[in-house]
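Welcome, and thanks for taking a look at this one with us. Please have the sequence and the 3D view open as you read.

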Amino acid sequence: MKSFAQKLDFRVHIAGDMIKDHGEDNYYSVMRGNCAVAAVFDGCGGIGSRKYPRFMDHTGAYMASRAASGALHDWFHETDGGSGAIRGAEVAAQMKQYMFDALRVVGKYAGPTSRIFGTLVRDFPSTAAIAVVRNTEEGTELQCFWAGDSRVYLLDQNGLAQLTEDDIEGRNAFSNLQSDGALTNVVALDSDFDIHCSRPLRFREKDAYSVFAASDGCFGYLPTPMDFENMLLTTLQSSQSANTFERKLEENIRSVAGDDYTLEWISFGYGEFSRMKTALKKRTEFMQNEYMETMKRDPSTQMQEKLWEVYRRDYERYMSSGKIPKVNTDAPDVQQVTGR
């Protein structure tokens, strides 16, 4: 079995603030032993807009994303990446407790706040999207944990796949771009919340793929999910190295983003950046020919919807009826990743 370090090709970190030094996103990325984590946290600025003089007038959203990120750091180092837990639901419960405890400390020292009232205002709300990748004797396993509408994605030769389910009632990745839905679940101090957990995905020794967590500033300002995959692939093909890819992708996301944006990316199995480009070249051409050229000729919403219904078959390939099946202590299923 290859060591984890041998399987890991490169990591990409992208982060940008709409207002310098006041960005409400945060992140956590680490690799140690046989475990790697890529995670993003998006402080919910609308419902977390109270400002706290004791925290240099930063908002509750700003503090929440940082508390949640710090909690994940503590969880990783104190539990060795959850290696002692038998099932994913136990890991999710651990993460939830660490995050709630961190928010409770923040709340204890918050002191007086700005006078903002209303039922929609929350105490220290943030999303969370967490990818945990482990090297095991059976192969490499990926499991996702989340709350809110930040996402974990998989990108391989079959295209982009969303691995987390947005906590937005009755919406999918396309419909939510047309009309922003209200969040039904976020990490917060003032009410109970869920850390969801997906079934583990198991990869074979020969598989090559990328996993990344992203806040909605990365994908939420593009016309369709197809545009997001196309941005990733065309940026990749125009780059000569992982460092160039990181720089160009940040520039491309910044050019369309209307919010803070954060992306944590890890790639496995390609060996060299040039091999990743070669492996995804056919998919890049397919996206251009089947989707981008068609939408260029007919940019109507009707055409976008028609193409989305075709595209989503692969985009939602690890979902069940459009929804990720949650793991519970009675159903520790493992999904096998297969190529075409």
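Which residues does Asp 216 touch, not counting residues up to four places away in sequence?

## Asp 216 and its surroundings

Asp 216 touches Asp 42, Asp 149, Ser 150, Tyr 221 and Asp 259, leaving aside residues up to four places away in sequence; contact here means heavy atoms within 4.5 Å. Before going on, a word on the source: this is a predicted model, in which local features need pLDDT of at least 70 and side-chain atom pairs count only at pLDDT 80 or more, while totals for chains, interfaces and linings use all residues. Residues are numbered from 1 along each chain as its sequence is written, and side-chain values use heavy atoms, with hydrogens and water left out.

Asp 216 belongs to helix H5 (residues 216-219). Helices (H or I, at least four residues) and strands (E, at least two) are DSSP runs, numbered from the N terminus. Asp 216 is buried but has no salt bridge, and Arg 151, the nearest side chain of opposite charge, is 8.2 Å away. Buried means under 20% relative accessible area, exposed over 50%, and partly exposed in between (1.4 Å probe, protein chains only). A salt bridge is a side-chain nitrogen of Lys or Arg within 4 Å of a carboxyl oxygen of Asp or Glu. For charge, Lys and Arg count as positive and Asp and Glu as negative, with His and the chain ends not counted.

## Strand S12 and its partners

Let's move to strand S12 (residues 209-214), where 6 of 6 residues are buried. Tyr 209, Val 211 and Ala 213 point one way from S12, and Ser 210, Phe 212 and Ala 214 point the other way. This fits a general pattern: in a regular strand the side chains alternate between the two faces of the sheet.

S12 pairs in the antiparallel sense with strand S8 (residues 151-156) over 5 bridges, and also in the antiparallel sense with S13 over 6 bridges. Two strands pair if DSSP finds at least two bridges between them. On the S8 pairing, Val 152 stands opposite Ala 213 in S12; on the S13 pairing, Phe 212 has Trp 265 as its bridge partner.

Ala 213 is also one of the residues touched by Ala 38, which is found in strand S3. Ala 38 counts as buried because its relative accessibility is 0%. Its other contacts, not counting residues up to four places away in sequence, include Tyr 28, Ala 129, Ile 130, Glu 264 and Ile 266.

## Helices H6 and H7

Helix H6 (residues 225-237) has 13 residues, which at 1.5 Å a residue should span 18 Å; its end C-alpha atoms are 19 Å apart, in agreement. The expected span is 1.5 Å times one less than the number of residues in the helix. Because 11 of its 13 residues are buried, H6 is largely enclosed by the rest of the structure. Among those buried residues are Met 226, Phe 228, Met 231 and Leu 232. Thr 224 caps the N-terminal end of H6, with a side-chain oxygen 3.2 Å from the backbone nitrogen of Met 226.

Helix H7 (residues 242-256) has 15 residues, and the expected 21 Å agrees with the 22 Å between its end C-alpha atoms. Its buried residues are Ala 242, Thr 244, Phe 245, Leu 249, Glu 250 and Ile 253. These pack against strand S1 (8-16), H5, H6, strand S13 (261-268) and helix H8 (273-297).

## Salt bridges

The structure holds 15 salt bridges. Within H7, Glu 250 forms one with Arg 254, the closest N and O atoms being 2.5 Å apart. The two are 4 residues apart in the helix, so about one helical turn separates them. Glu 250 counts as buried at 16% relative accessibility, whereas Arg 254, at 44%, counts as partly exposed.

Where do Lys 7 and Glu 205 lie? Their salt bridge, with the closest N and O atoms 3.7 Å apart, links distant parts of the chain: Lys 7 is in helix H1 (residues 4-7) and Glu 205 in the loop between strand S11 (201-203) and S12, 198 residues apart. Lys 7 counts as buried at 9% relative accessibility, and Glu 205 as partly exposed at 45%.

Finally, Glu 309, Arg 312 and Glu 316 are linked in a network of salt bridges.

Technical notes
A polar contact is a pair of N or O atoms within 3.5 Å; within protein, one must be able to donate a hydrogen and the other to accept it, and residues adjacent in sequence count only if both atoms are side-chain atoms.
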